Amino acid sequence: MAEPIISAIALDLGTTTVKAAALNQQGELCHLTSLAAAAMHTHDGTFESDALAYAATAEQVLQACMDKVGHAAVASLPLGLCSQRSSFLLWQRASGIPVTPLISWQDKRGAASCAELQASDRLIHQLTGLRLTPYYFAPKLRVLLQQHPAWQAKLACGDWLAGTLDSFLIWRWTHGQQHITDASMAARTLLMDIRLQQWSPQLCTLFGIMPAMLPAIHPSAGLNLALDNGLTLQASLGDQSAALYASVAEDSTEALVNLGTGGFVIRYLATAAQADSAGYLHTLVYQGADLNTHLAIEGTLNSITAALAAYPAAECDIAELARNDIYCLAEPSGLGAPYFRNDLGLRFSQPVENLAPRVIAALLLEAIIFRVARILDEFHAMSGLEKIYLSGGLAELRSLQQGIAHCAPCPAYRLQQHDSSLQGAALLAAGLPAASHRKIEKIIVSAEGKLLQAKYQRWKVWLDGLLGA
């Protein structure tokens with residue numbers, strides 16, 4: 001049998017795993033290769049790993065995938081790169097030796113910056129579409145520069161460079177000729193004006209970061225950068241953006257519901273006016289080679305897997321939901337977008353100490369379903385939705401699938417493809433349309449969940465009471 005013709009190769013720079021795969025002409029991933037990422041070291045809220053060890057792993061994974069494709073087929077193939085967002089480091093320009101470890105997006109050292117700059121949260125949201133949290137690049141870099149004042153001079157004169165993980169690897173793979181990032185990665189730093197797709201002087205001043213030390217912002221596609229391994233980098237974007245590109249069409253009538261460690265509900269913006277929708281995050285998905293920028297609106301759920309961890313959620317059936325009048329919120333670290341209420345985390349409307357673990361699991365599942373449904377309802381009210389797609393590990397739970405399908409304002413489908421971030425990066429690198437090769441299965445609503453919609457209406461009243469208290 002002849003070897004499949006390869007359209008592109010993709011590399012996914014994950015937090016715990018680095019993956020590479022090839023995309024064949026049928027739009028299927030093949031030659032999948034993966035290795036564990038460099039070990040993360042944590043202490044008192046810091047999350048760090050060895051940047052050179054991470055780079056070596058990424059290079060090993062990519063080379064292994066290229067070897068499977070075959071040297072004759074690899075020459076000048078387009079590469080699509082997708083990366084964990086907000087992880088960053090500083091390194092020496094002359095030697096390429098890191099000055100800092102790779103500091104993870106999970107790192108909490110930026111909390112001090114967030115506390116000190118809280119009065120600027122509204123301004124930050126207006127310019128970036130995001131909220132001020134320690135996850136992002138700017139709050140953490142601000143702390144480092146305050147702790148090491150001499151570093152500013154090194155960065156200002158160009159002896160040292162700063163950048164997210166993608167910037168560091170692109171710099172390495174172009175022999176130090178390209179200090180760049182793409183618009184989707186820059187948009188998750190809290191330093192870029194999302195409407196202008198440029199570093200914001202106002203934000204840079206706020207965080208004490210000179211624009212000259214930052215990588216140049218390029219489009220996410222059409223990069224056409226020759227790399228030292230023989231590939232041509234054509235696309236680079238954040239991992240969530242790549243997954244969205246693989247999963248949802250860009251006509252704004254579809255939404256993606258991803259349920260994993262946390263959760264998010266996201267759709268492309270139908271009109272520019274939606275960019276001002278109160279409370280929701282505004283995501284720059286990617287910027288095309290034509291410089292056309294694709295924006296999305298996003299609601300988030302925090303730490304839902306942690307809420308379910310102690311309970312047998314996988315055993316729950318749709319018929320077990322909505323069997324009582326106890327209401328629940330299932331986000332231990334506080335409600336995410338559009339509420340951002342740290343005072344409203346994991347809670348129940350009545351004591352649950354005497355309830356069976358399976359009953360508590362059902363209440364938590366209801367809370368996730370209802371939060372997703374409310375975001376979808378509000379998105380639908382902004383501009384009509386026609387289809388929603390479910391992805392992520394928790395979306396494998398039949399009760400969650402059925403519950404969301406019962407309460408959603410339009411038909412729901414389960415995405416069957418795996419490694420969506422790899423798929424999206426490869427599609428964009430190959431110049432193929434968004435969601436052009438997705439595999440889906442319609443979720444058929446059963447009569448067993450008919451009580452859920454009525455409880456959802458009562459839950460909304462309960463939540464509104466909490467929000468207004």
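## A buried salt bridge

In this predicted model, Glu-331 forms a salt bridge with Arg-371, the closest N and O atoms being 2.7 Å apart; a salt bridge is taken here as a side-chain nitrogen of Lys or Arg within 4 Å of a carboxyl oxygen of Asp or Glu. The pair links distant parts of the chain, with Glu-331 in the loop between strand E20 (328-329) and strand E21 (347-348) and Arg-371 in helix H12 (residues 357-382), 40 residues apart. Helices (H or I, at least four residues) and strands (E, at least two) are DSSP runs, numbered from the N terminus. Both Glu-331 and Arg-371 are buried, where buried means under 20% relative accessible area, exposed over 50%, and partly exposed in between (1.4 Å probe, protein chains only).

Residues are numbered from 1 along each chain as its sequence is written, and side-chain values use heavy atoms, with hydrogens and water left out. Because the model is predicted, local features need pLDDT of at least 70 and side-chain atom pairs count only at pLDDT 80 or more, while totals for chains, interfaces and linings use all residues.

## Other charged pairs

The whole structure holds 16 salt bridges. In one of them, the side chains of Asp-239 and Arg-85 meet at 3.7 Å, N to O; Asp-239 lies in helix H10 (residues 239-247) and Arg-85 in the loop between strand E6 (78-83) and strand E7 (88-92), so the pair ties together parts that are 154 residues apart in sequence. Asp-239 is partly exposed, at a relative accessible area of 22%, whereas Arg-85, at 18%, counts as buried.

A salt bridge also joins Arg-131 and Asp-121, at 3.0 Å from N to O. Glu-48, Asp-107 and Arg-109, in turn, are linked in a network of salt bridges.

## The sheet and its helices

An open sheet of 6 strands follows the order E3-E2-E1-E6-E15-E14, with mixed pairing, two strands being paired if DSSP finds at least two bridges between them. Strand E3 (29-36) and strand E14 (221-226) stand at the edges with a single partner strand each, so one side of each is left without a neighbour in the sheet. E14 and strand E15 (residues 232-238) pair in the antiparallel sense over 3 bridges, and Leu-225 stands opposite Leu-233 in E15.

Helix H10 packs on the sheet, touching E1, E6 and E15, where contact means heavy atoms within 4.5 Å.

Conventions:
Axes fitted to C-alpha atoms, helices over the stretch in contact; angles between N-to-C directions.
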